[in-house]
Amino acid sequence: FKLPNNLVTDSIYWLADAGILAATGNWDFGNNSATFYTTPAANKEIQLSSFTLTCGSLRLGSSLDASYPAALNLGSGTKTMGSITKTYSGTTTGALNLLGGSSTIICSGNIDFSGITFTAGSSIITMQGGSGAKAILSSGQQFYDLVFNDAGSSWSLSDTLTVKRDLTRAA
């Protein structure tokens, strides 16, 4: 499944409202953002198991309501994205959980874990692609393996960075 770049102006929304939403296969949303959330009443998990995902920004929660939670389990496989952030611009009241599993996450933009609980598992996050200044706001969340593999970008840390296993600078 592949979508063209710039297909949508806002985001492609994944809503789990009647049970666990599980996806497998290869999904390429191009540079379009993908937003994952559930309703407060359902409070279900979205599982990407062996799913391969490509998207512009990976966003958690709803932009319409601070109480909409998200539980996104990245499982295994490769996830390639521009950035990781919450959707709601204010303080969220719904829990936003991102589970890294054993996935390989390739991020070419910013990571902002404010309001998000990140459980790294044994995931590898590789910062690569793009150019210019990028920022990581871990909000006290711990990374398992973190790789900087991009000579064309500069990275700034907005708070204390904790890496459980390996911190690598490859480029």
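Let's fix one term before we start clicking: a residue is buried when its relative accessible area is under 20%, exposed when it is over 50%, and partly exposed in between, using a 1.4 Å probe and counting protein chains only. By that rule, 44% of the 171 residues in the chain are buried.

What you have open is a predicted model, in which local features need pLDDT of at least 70 and side-chain atom pairs count only at pLDDT 80 or more, while totals for chains, interfaces and linings use all residues. Residues are numbered from 1 along each chain as its sequence is written, and side-chain values use heavy atoms, with hydrogens and water left out.

**Stop 1: the whole chain**

Show the chain as a cartoon and colour it by secondary structure. You will find 17 strands and zero helices; both are DSSP runs numbered from the N terminus, helices being H or I with at least four residues and strands E with at least two. Along the principal axes, the C-alpha atoms fill a box of roughly 45 × 35 × 30 Å. The radius of gyration is 15 Å, which agrees with the value near 16 Å for a compact globule of 171 residues. That radius is taken over C-alpha atoms, and the globule rule is 2.2 Å times the number of residues to the power 0.38.

Next, switch on contacts, meaning heavy atoms within 4.5 Å. Among contacts with a separation of 6 or more, 57% join residues 24 or more positions apart.

Now try a surface. About 7,700 Å² is exposed, and carbon and sulfur atoms supply 49% of it; the areas come from the Shrake-Rupley method with a 1.4 Å probe, and for residues only the protein chains shown count as cover.

**Stop 2: the core around L98**

Select F36, L48, L58 and L98. Of the 36 residues in the largest nonpolar core, these touch the most other members. Such a core is a set of buried Ala, Val, Leu, Ile, Met, Phe, Trp, Tyr and Cys residues joined through side-chain atoms within 4.5 Å.

Then centre on L98. Apart from neighbours within four places in sequence, L98 is in contact with L58, L60, L72, L74, I84, F113, I116, T117, F118 and T119.

**Stop 3: G30**

Move to the loop between β3 (26–28) and β4, where G30 sits. Is G30 buried or exposed? With a relative accessible area of 12%, G30 is buried. Draw a distance to P4: the two residues are 26 apart along the chain, yet their C-alpha atoms are separated by 5.8 Å. Beyond four places in sequence, G30 touches L3, N5, T54, C55 and G56.

**Stop 4: two positive phi angles**

Most residues other than glycine have a negative phi. Select N6, in the segment before β1 (12–16), and check its phi, a positive value near 60°. N6 is also exposed, at a relative accessible area of 63%.

Now jump to N43, in the loop between β4 (34–38) and β5 (46–47). Its phi is positive too, at about 45°. Leaving out residues up to four places away, N43 touches T38 and P69. From N43 to A70, 27 residues apart in sequence, the C-alpha distance is 7.4 Å.

**Stop 5: K164**

Finish in strand β17 (residues 162–169), where you can pick K164. K164 counts as exposed, at 57% relative accessibility. Which residues does K164 contact, leaving aside its neighbours within four places in sequence? They are Q142, F143 and Y144. For one last distance, choose Q141: its C-alpha atom is 10 Å from that of K164, across 23 residues of chain.
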